[in-house]
Structures are given as structure tokens and as C-alpha cells.
Amino acid sequence: MSERRPYLNARMAPFTSTIFAEMSALAVRTGAINLGQGFPDTDGPQLILDAASEAIHGGANQYPPGPGIPALRVAVAEHQKRFYSLDLDPDTEILITAGATEAIAATILALCEPGDEVVTFEPYYDSYAASIALAGAERRTVRLRPRPAGATWERDDAADGRAVGFQFDPDELAAAFSDRTRLVLLNTPHNPTGKVFSRDELELIARLATEHDAVVVTDEVYEHLTFDGRPHIPMATLPGMADRTVTISSAGKTFSVTGWKIGWLHGPAELVAAARAVKQFLTYVSGGPLQPAVAAALGLDDAFYTTLAADLQRKRDLLSAGLRAAGFDVFATSGTYFVITDAAPLGFDDGIELCQRLPELIGVAAVPVSVFCDDKDSTRSLVRFAYCKRDEVLREAVDRLSGLSVR
Ligand code: PMP
Ligand code: GLN
């Protein structure tokens, strides 16, 4: 008897479960503190919660317009003007989506033909690989390498014994481009490394994208979560780049409502129209009563945005210090919810195995970095922890982690 053909198509076969779902389920099963999947354990601002419940009780419960409600598109335009001096037409240059995830998928599916290449950095956020595969396109990844202070590309011990930051090799980036490059898929601030791309780095990416006539799709969901005074620089603000850039963000991280899945994309009208053509057949629309609430929240005063980043910076410092004290090698993170560590100094060479055992061993869940990479060997012992949790939860996690002694 011949084997039945698998139900799942070959393009999606490598993507049957996500590491976030796996590790969150393990955390729930074991009662561990979940520093794996990145979501805050407190609610966002009262204003957004009240506005959503008012909208539900006020009857905003039917389909919103396909591109998103006008008030939210106007609020996104005002936000981009206020923070980045970008001028957008809310009618033609902005599209509201079901989270950044749908914006990413719709853009890639809209712009890529099978065989096109997408240049992206690794480690990469997991939905990138799946969306590229769905489109029949191919990913060309460029490695972000841990880089100690004062060193060049390769990792070695920094003067003070601590590793810091992640960087890419410009030559490797240039070599990833070809005449089949259709898109560059950028993420800054970057999950999982916490890297905030510098202006010089963005300029290099912009120059290569322009030379190869590629569109830049930039995922900026952590735009307001940067630390140490480091600015987030949107790719669309670089000279000439607004014409070839699709900028993506969402309400999830900025307003601590990751379950709402209200996102958006903006760019030149022709690119937005292309993404809209696909988006309308993925979800058509979503989150009717949540859209006016996000519109209201985007207008929150500067104090809200600066407090958000300052609080998270404190949490980063708390967890990073605890991880270092527990014996991990800790890489610097300048943004996002995440810090990457190396578990090798503790005698753990396999991050996947460690993350599978960590909840049982000490009651903390984390995610292995190698699952975000094509080159799994180079990141084998690296583990990502999320610090977007209440201080007392982080303190308890640090306490538990201190029990993970060198074997
Ligand atoms: N991009 C990155 C880099 C992320 O970390 C996430 C995680 N939430 C997303 C996109 C997805 O955003 P959303 O929940 O708005 O779909
Ligand atoms: N962005 C979150 C993270 O990196 C997870 C989102 C998800 O579960 N897909 O942890």
C-alpha cells in the first residue's frame, strides 16, 4: 500500500509548532515562572482598557472598514509625525492589520514570487521564515554575532570577562544580496538579541537595498522599548528610503496588550495597496472595538512612553545582573523584552536541552536561541530570557536561577 501524502504541504512542514507555544505550555504544566514567551504580566494603561470596553458597550462590534477605522489610521499618521517627522496619508499609505504578524505575512506574500530572495538577519523572529516559505521565496540570512566590548567580529573574552552586544559583518551582508533579492526583512529593535540598529548600519542596509532595487520591510514592534538613551531609528527616515520601505508595528508591546493583535503597516501607496490585496483575504478585518482604543492610546503623552522604557530598562538590569550572578555569560541588550545569555560557562552546551529541563530543574522557563537560526551550531548554548515581568517575579526568578550551579 502506498504511503498517504501528508496533509500539511511541504512548504509548511518544517513549521508545525512554535517554540513560544511549546515553552509556555511547559511553563504552565510545571508551574514555572515563564521568562520564555515575551508578554508582560501587567495590564497596559487604564485609558486603553476603558476605551475598549466603552467601544464594546457603545456598539463598535461589527466589521470595521477593510483598511482599518479612519481614527486609527489618523492616529498612526500622527504618531509617525510626532516621533519620527514622517508624513503619511492615512487614506492611502496606512493599513491596519491583525497584529504585526499579519502585516509581515501579507507584505511578503504580496511582494514575492516563488524563487525571489529575502535577505534577513539571524537569529530571526520565527514568523519570518514561515511567511517567506509560504510565499515560495527563499531566505538569505546574515548572522548577528555576539560581540564583546572592544573586539571585532568574532567572540572572545572581553577585558572585564563579559560579552556584550551583537553585530553583523558588512561583507557578509553584501554577499547575501543577489539579482534575485526582492526584499530585505529588517527588525529593529531586534528580537531575540535586543540589538538596536545604528544609523551607520541602517545606512549600509539602505545602500545595498537601493543598489539591488529591493524593498525594505522593517518590523519595528519594539520601537518604544529602547534603553540607555539609544534612539530607535526607523528605516523610512533615511534619505530616499520612504519610497521603498514598508514599516510595520503594533500595539502589543507599546501598550502591553499582546493578545489584542492590532498592528499596522505603512509605506508608499502602491506597496500598501499590494499588502492590502493579500490582507483582505487573510482576515479581511479584525479587532473592531480594539481599534478605537489603540487610536486613543497612541496619543498618550510623552511621560507614558518614557516611563514605559525606563521601567523596562530597570527590569533588564535586574534580570541581567541576576543571570550574571548565576553564572551565565550575559550579552548586552539595548531594547525589546529580551536578553540573550550563554549557558556554556554553567556546563550546559545545548540550549534546547537546557530549556526543556529548566522548568523542572529550577522552576523557570526560557527559550533556546538556536531555534531562531539556520546555523544552529553557532548558537547552540545560547538561551533567551524575557524581562517584561513584575519586579517581584524577576526577583523570584533570579533567586531560582542562582540554584543552577556549575555542574
Ligand atoms: N515581530 C517581532 C519581532 C515580535 O517579537 C513579535 C512578537 N509579538 C511580532 C512581530 C508579532 O507582533 P504581533 O503580536 O503584533 O503580531
Ligand atoms: N513575540 C513573542 C516572543 O518573541 C512571542 C509571540 C508569539 O508567541 N508568537 O516571545
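Trainee: How far is an oxygen atom of ligand 2 from an N or O atom in the side chain of Asn-191?

Mentor: A polar contact is a pair of N or O atoms within 3.5 Å, and in this case an oxygen atom of ligand 2 and a side-chain N or O atom of Asn-191 are 2.8 Å apart. Please keep in mind that this is a predicted model, in which local features need pLDDT of at least 70 and side-chain atom pairs count only at pLDDT 80 or more, while totals for chains, interfaces and linings use all residues. Residues are numbered from 1 along each chain as its sequence is written, chains are lettered from A and ligands numbered from 1 in the order in which they are written, and side-chain values use heavy atoms, with hydrogens and water left out.

Trainee: Which atom of ligand 2 lies 3.2 Å from a polar side-chain atom of Tyr-125, and what is the distance from an oxygen atom of ligand 2 to an N or O atom in the side chain of Arg-384?

Mentor: For Tyr-125, the partner is a nitrogen atom of ligand 2. For Arg-384, an N or O atom of the side chain is 2.7 Å from an oxygen atom of the ligand. Taken alone, ligand 2 exposes 300 Å², of which the protein buries 80%; such accessible areas come from the Shrake-Rupley method with a 1.4 Å probe.

Trainee: Which residues surround ligand 2?

Mentor: A residue is near a molecule if one of its heavy atoms lies within 4 Å of it. Around ligand 2 we find the aromatic names Phe-20, Tyr-125, Tyr-222 and Phe-338, together with Gln-37, Gly-38, Asn-191 and Arg-384.

Trainee: Which peptide bond from Asn-191 is cis, and where does Pro-192 lie?

Mentor: The bond is the one that runs from Asn-191 to Pro-192, and its omega is near 15 degrees. Pro-192 belongs to the loop between E7 and H7, where helices (H or I, at least four residues) and strands (E, at least two) are DSSP runs numbered from the N terminus. Another cis peptide bond joins Thr-188 and Pro-189, with omega at about -10 degrees, and Pro-189 is likewise found in the loop between strand E7 (181–187) and helix H7 (199–211).

Trainee: Is the phi of Ser-256 positive or negative, and which loop holds Ser-256?

Mentor: The phi of Ser-256 is positive, at about 55 degrees, although this residue is not a glycine. On the chain, Ser-256 sits in the loop between H8 and strand E10 (262–266).

Conventions:
A polar contact is a pair of N or O atoms within 3.5 Å; within protein, one must be able to donate a hydrogen and the other to accept it, and residues adjacent in sequence count only if both atoms are side-chain atoms.
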